[in-house]
Structures are given as C-alpha cells and as structure tokens.
Amino acid sequence: MTGSAGADSPLAPFATLAALPAEEFLAGVEKAAAHFDAASYPQRQMPAEDWAVLTRAGVLLPVLPAAYGGRDSHAEMCRVVESLAERNLAVAVYTAIVTGLALRPVVVWAGEETRREVLPLFAGPLAPTAGFASTEPAAGSAMSGLTTTFEKVEGGYRIRGRKHWQALSATASWWLVVAKRDGEGGREYGWFVVERGDGFRTSQRYDAMGLKVIDYGVNDIDAFVPAHRRIDIGAGNLSSMVDVYLSGRALIGALSGGFLRRIADEAHAYADTRRVGRGPLSSIGFVRYRLDAIDGAHTVCAALGHHVRTRLDLTSDLAPAFPGIQAVKIAATELMVGAANHYQQLTGGEGYRSGSPTNIAAQAFLDSRVFTIFDGTNDLLSQQLAQYCLDRSAGGGLGTFLAGWEPTAPAVSAYGLDLRFLDGTLAQEHLVLAGRVIAYAFAAARVLEWAAETGAATGPVRRAVAFLEADIERVRVEFGLLARLGADT
Ligand SMILES: Cc1cc2nc3c(=O)[nH]c(=O)nc-3n(C[C@H](O)[C@H](O)[C@H](O)COP(=O)(O)OP(=O)(O)OC[C@H]3O[C@@H](n4cnc5c(N)ncnc54)[C@H](O)[C@@H]3O)c2cc1C
C-alpha cells in the first residue's frame, strides 16, 4: 500500500516544467499519478506531502498564465485531470477543484493586484490549495436563497455567512467566495478572493461517503477582504455569473474518459479471470451485456472529453457554451455512475469489499456516486437545459427544435431519432426528463464527430450510440408513465 508518494518521485526538475514539450510534461504527470493508484492509495484525507508530489509534477501549471510561470494550456488542463482520473477519481476531482473552480476565476477575472498576490504562490513546487465556496446549508440548487452577505467597509469588504460541503473545507488556504448585498438598487452578488486567515473558519467536519481524499465540512465566514480582492464576474446577477460554474462541469467531461477507461479495463480483466462454474464470468451473456454497457459509456465519454478538449477553452468566456457544457455534465456523470454500478454488480460480493485485492469496484462506486449531485445536481441542470432549448424553439415544439439545432441535429438525422414526443406541453417533471434527452442526443452527435476526427472503429461507436438511443427511449416510456400517474390522481 502506498502510504505516501514521496521523495522517490521520478520527475523533471520543477524549474524546467514550464518549458517542456506537452507530451513530456504530461508523461511526468502520469508518472506522479501512478503513486495515487486507486488499487493501493489509502482512502483518507490526502496529506500535504502527497499534494506536493502533484504540484512538483506541475499539475497546477496548465491553468496559470505564462507570465506567472504557468503553461497556460486548456488542453493540458483537460489531459491532466483525465490521466489522474484513470488512476484515482478522487485525486482528479481534488486537482480539478483547485485549478478549474478556484484558480481559473482568479486568472480570468481578478485584477492585477490580486493576481500578483495569489498566483505566484501556486506557481511553485510546494503550492497551497484553494477552494470554491458557493453552497450553503439553505442554498444549494436555488442560489437565490444565499444568505452570506457582503458590505462595503473602509478599505474593503466585510463578508459574513455560512457555507458547507466545500471541497478542501478545512485544508485550503485560499477561497473563492460568493456573497450577496441587498441595497436600494436591488440585490447584487459579489465574488471575493479570501485567504483563510481573513476569517474563514471550518466549524464542523463532514464524513463523506466517498472521495475520502478530500475533506468537507461547514465553513463560517466573518472576514475582512481588501477592496482589490473583489473580482468582477458578470454584472452582479446570478444569470450573468453562470460562467464561473461551467468550468468544473466541463472538466468533469474531460476526466470522465480517464475514469471510464480504467473501469472498462478493470471490468474486462475481472470478468475474464473470475471463474463461475466451468468458464470465466465473461462467458455469461448478461455479463457481456454489462461489459457492453461499460464499453459504451467509455466510448461516449471519450467523445465528450474530446469535445471539451478541442471545442472549449477554459481560459476564456465559457458562457456561450452553456448548453453544451450542461449536456456534457449530465451525460458524462450519468454514464459514470451507471458504469460504476455495472462494474460493481459483476464483481459480486468481492466488489463490495473496500480494499479488495481483485478489483476497485467499491471505490469506483463510492467515488463516482456524487457526480450526478455536485457541481449542480443533474435534475436541475437538465431542467435548465430543456428550458434553454424551449425558449429558442419559437413555439414549434422542443423535439422539432432539436431536429434542427446544430448541437443535436447530426445525431437526430444520422440515427433517425424521433424526438417528437417532446413537442407537447412540458411540465417541470417533463423538462427534467427532456433535458436528459437533449444531453443524450448531444452526446450521440459528439460521438459521431469524435469518430470522424479520430478514425474510431465503427462497431464500438454504433454500440455506444445504441445505448444512448435506449436511454432516450426510456424517457419516452417515462413520459407515458407520467401521463398514467397523472390520470390516476
Ligand atoms: C461531495 C460534494 C462536494 C461538493 N463540493 C462543493 C464545493 O467544492 N463547493 C461548493 O460550494 N459546493 C459543493 N458541493 C455542494 C453541491 O454543489 C450541492 O450539494 C448541490 O449543488 C446540490 O445542492 P443541495 O445539496 O443543497 O441539494 P438541494 O438543492 O436540496 O437538492 C436536493 C435534490 O433535490 C432535487 N432537486 C433540486 N432541484 C431540482 C429541480 N429543479 N428539478 C428536479 N429535482 C430537483 C435533486 O434531486 C437534488 O439532488 C459539494 C457537494 C458534495 C456532496
């Protein structure tokens, strides 16, 4: 068991990392990632010396501008979390939080004084960690219920309130915090870069079900923040600030492919070696069906990761990519959870053992389960996505709109998807289900695109899309079920 990934780390000297060619840099990250392999790395809060193994390998450099010693590379940000996720999903999340959610807003929106104060700390071999503080006990999905306030005081701002469930709650030194101010002109939301010593205190620790390398809890804030550390995200209302929430969701698309590559490899290896009766598990038809589902999820997430890496840019404004990123987050996370479930089922009782020597199914299930909940619960994101498309459908019906909408149209025509069941009046529950359909149709279109650009074999592509079509059919059935339930009341 790897207790600490320490001094033996075979990495390039830190000073040379910023200038290394991409492949060499990423090879160093992969070497460091091997220390954290889910099969052996302990399920406990990551010690600082292990975080140092990652920072010495340069995992923070892709998000940092070149002027601050960084590599300023969106594609590398994606590939870093993807290769970490293949080894250890929780370690990939840890890194994505620090880079995509906490540091990116400082890089993109902070003034020069704040950038000069904060970014150099993260550009060295022994960097601290940073977190993102949005959720509150009474405000998760509905951010309009936020109670943390800010007020202008001499030289800066006073922020008071309570947050919870922040990744790295008790350990991060720097925070990005959102608060509100109610004034005569109405409500205004503000974002602040807060150092723990400014008045950020963890009053309770949570015992999370999975992702054990990350610490969570309740955070009480009573902080004075100098004026320059207010950062200018959006126009002060929630809808103009959506960009700040999108980077984490996009990075989930990037890391999902790494996680599912590992799950697919592990599931096949287990099914080929475990004997049930006279033959291997993989000789059973239904086990092969589960393996097909896992392979399909892997193919789709490889395509979504390709889309995030080649079509988006986390160093710039993500707001125009809103519907696509919502779709990526919904589809990738539903597939991750589904595949982890299939994998655990086919490993039987052995898959229910933490630390089993034969598989990582328990860990994969516990670590992936929260992906449909955090970073915006999928139910809410689905509703938002369906509403976004409905608002653009000009009364012509959602299904009809999707047949002509550029992000979904190629899949609708290539696979003959009939989405007209979405054309009627849609209540809230229909919108949530319709959002899933949009995410699956979007994903099917990305699979087509990815296959054309990478020359992927047609067999696995066709099978992966068949699972997405089945997911869409399931929603059609659920529409019927909702109608029956409604008729019964
Ligand atoms: C492991 C973990 C890590 C996290 N990391 C962070 C972090 O780093 N920073 C941070 O600020 N927050 C973080 N969070 C908080 C997370 O983003 C919230 O938990 C999430 O947004 C949901 O909010 P909530 O828990 O208040 O759930 P609620 O808002 O109470 O929602 C509960 C459930 O109600 C249902 N629901 C809600 N709205 C709708 C809707 N419109 N349609 C259908 N169903 C709906 C959904 O099933 C939803 O899951 C984390 C949470 C977890 C568990």
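**Exercise 1. Determine whether strand β4 is enclosed or open, and identify its partners in this predicted model.**

Solution. Begin with burial: seven of the ten residues of β4 are buried, so the strand is largely enclosed by the rest of the structure.

Next, take the pairing with β1. Strand β1 (residues 130-133) runs parallel to β4, and four bridges join the two. Within this pairing, F132 has L176 of β4 as its bridge partner.

Then turn to β5. Strand β5 (residues 186-195) pairs with β4 in the antiparallel sense, over ten bridges. Here V177 stands opposite F192 in β5. The connection between β4 and β5 is a hairpin through two residues.

**Exercise 2. Classify the ring pair formed by W165 and Y216, and locate both residues in the chain.**

Solution. The model contains 18 aromatic pairs by the rule used here. For W165 and Y216, the ring centres lie 5.2 Å apart, and the planes meet at 65 degrees. A pair requires centres within 6.5 Å, and planes over 60 degrees apart count as edge-to-face; the W165 and Y216 pair is therefore edge-to-face.

As to location, W165 belongs to the loop between β3 (156-164) and β4 (174-183), while Y216 belongs to strand β7 (residues 216-226). The two residues are 51 residues apart, and the pair links distant parts of the chain.

Finally, assign the exposure of each partner. W165 has a relative accessibility of 42% and counts as partly exposed, whereas Y216, with a relative accessible area of 6%, is buried.

**Exercise 3. Describe the surroundings of Y388.**

Solution. First consider the rings: pairs among F322, Y388, F401 and W405 link these residues into a cluster. Then consider charge: R392 lies over the face of Y388, at 3.6 Å from the ring centre. An arrangement of this kind also occurs at F25, where R71 lies over the ring face at 4.2 Å from the centre.

**Exercise 4. Characterise helix α5 by its span, bend, cap and burial.**

Solution. Start with the span. Helix α5 (residues 89-109) has 21 residues and reaches 29 Å from its first C-alpha to its last, close to the expected 30 Å.

Proceed to the bend: a kink of about 45 degrees lies at L103, shortly before the proline P105.

At the N-terminal end, N88 acts as the cap, with a side-chain oxygen 3.1 Å from the backbone nitrogen of A90.

Conclude with burial: 20 of the 21 residues of α5 are buried, so the helix is largely enclosed by the rest of the structure.

Note on methods
Residues are numbered from 1 along each chain as its sequence is written. This is a predicted model: local features need pLDDT of at least 70, side-chain atom pairs count only at pLDDT 80 or more; totals for chains, interfaces and linings use all residues. Side-chain values use heavy atoms; hydrogens and water are left out. Rings of Phe, Tyr and Trp (its six-membered ring) pair if their centres lie within 6.5 Å; planes under 30 degrees apart count as stacked, over 60 as edge-to-face and the rest as tilted. Buried means under 20% relative accessible area, exposed over 50%, partly exposed in between (1.4 Å probe, protein chains only). A charge sits over a ring if NZ of Lys or CZ of Arg is within 6 Å of the ring centre and within 35 degrees of the ring normal. The expected span of a helix is 1.5 Å times one less than its number of residues. The bend at a residue is the angle between axes fitted to the seven residues ending there and the seven starting there. A polar contact is a pair of N or O atoms within 3.5 Å; within protein, one must be able to donate a hydrogen and the other to accept it, and residues adjacent in sequence count only if both atoms are side-chain atoms. Two strands pair if DSSP finds at least two bridges between them.
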